[in-house]
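Please open the model in a viewer and follow the selections below in the order in which they are presented.

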Amino acid sequence: MSSISNDRKTDMKSAPGRVVLVGATGYTGRVALAELANYELPVLVVGRDVSRLQSVLDEIGTPAHVAYGDATATDPIPDLGPNDVVVSTVGPFSKIGFRIVDSVIAAGASYLDSTGEPPYIHDLFTSRSEAAKAQNATVVPAFGYDYAPGAAAGATVLNRAPSANALRLGYFLTNSAAEAISFRKLKRVTTPATRESLVGVANHPSFAFRATSSPFGLSPEPSAHRLLHFTDEHNRDMRAITVGGGEHFSIPEVFTQVESIDVGLGWLGGLTRPAHIGAAVLGTRLQSPPRTPNLRGHPNAHALEDFDAQS
């Protein structure tokens, strides 16, 4: 994944750092907390309701320490050190994520989060890159379902097709039969925070990667500006509307030959095309050629274009 600073720390203390988890009481935070129980790592969970955090720890059985911290405060995490790794699953990130990142940067620590909010990802890179480099901090946003699978899929494709210079990635929620779920079922397979982030994506300006654009190779365009077509293994047409993503930053860092990246969200089911048409009111309508080229169809590539929501 892409990071705002990839520099190795040269002033690291000899004492081992901690994994500091923010958002442990939420769905994604609980999943992360349960996973941390499998590793022999010192864990600190931080939040405003210490008693509730302790209840979650007792329920899951993860050995960890608890500390008070307020994500909206100037100093949201107590006593951060350069060896610490902060994992944030608390959102909406565009509202409360920046103070956490700023505290990580000030400490020269490391940061991962589960954001799926393109404006937040964009703002982190454009406004915090220089500060992170100056403090030797590492900041890696969008390290969850959004948008780590797409970065891994894109890297797989480009490693097997090194001459490729354009990439299209699609995210889909499917059932056990690998069929895209309908929009009305979205509530059953997503959390409230995820749905709030989805609304935020639709209501904010977005971007695509075009190597000729600057800075960061980003080309401004509204969400749903393009309608992407993919074909699954059963030759079914699957549509997605374009959104900004972490892949626009992570993939060009490694694969410098790439000139164009589009990321598509296929969660809207039958509302995908109407959403695209609605976005077209704001500008020129652009539509990708149906089915070709598509990542899954490349003879040397096996792209992870859709992911089973039941897994």
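Select helix 1, residues 27-36, in this predicted model. Helix 1 lies across strand 1 and strand 2, and its direction makes an angle of about 155 degrees with strand 1.

Next, display the two strands beneath this selection. Strand 1 comprises residues 19-22 and strand 2 residues 43-47; four bridges join them in the parallel sense. To see the register, select Val20, which stands opposite Leu44 in strand 2.

Now extend the view to the whole sheet. The sheet is open and has six strands in the order 3-2-1-4-5-6, with parallel pairing. At its edges are strand 3 (65-68) and strand 6 (138-140), each of which pairs on one side only. From one strand to the next, the twist averages 20 degrees. In general terms, strands of a sheet pair through backbone hydrogen bonds, either parallel or antiparallel.

Return to helix 1 and add helix 2, residues 50-60. At what angle do helix 1 and helix 2 pack? The angle is about 50 degrees, and the axes are 10 Å apart. Helix 1 is therefore oblique to helix 2, an angle from 65 to 115 degrees being required for roughly perpendicular. The crossing of helix 1 past helix 2 is right-handed.

Finally, show the side chains where the two helices meet. Arg30, Leu33 and Ala34 belong to helix 1; they meet Val56, Leu57, Glu59 and Ile60 of helix 2. Coloured by class, this contact of helix 1 with helix 2 has five nonpolar residues, two charged residues and no polar ones.

How values were computed:
Residues are numbered from 1 along each chain as its sequence is written. This is a predicted model: local features need pLDDT of at least 70, side-chain atom pairs count only at pLDDT 80 or more; totals for chains, interfaces and linings use all residues. Side-chain values use heavy atoms; hydrogens and water are left out. Two strands pair if DSSP finds at least two bridges between them. Axes are lines fitted to C-alpha atoms, for helices over the stretch in contact, and angles run from 0 to 180 degrees between N-to-C directions. Contact means heavy atoms within 4.5 Å. Angles under 35 degrees count as roughly parallel, over 145 as roughly antiparallel, 65 to 115 as roughly perpendicular and the rest as oblique. A crossing is left-handed if the near helix is turned anticlockwise from the far one by less than a right angle, and right-handed if clockwise. Ala, Val, Leu, Ile, Met, Phe, Trp, Tyr, Cys and Pro count as nonpolar, Asp, Glu, Lys and Arg as charged, and the others, Gly among them, as polar.
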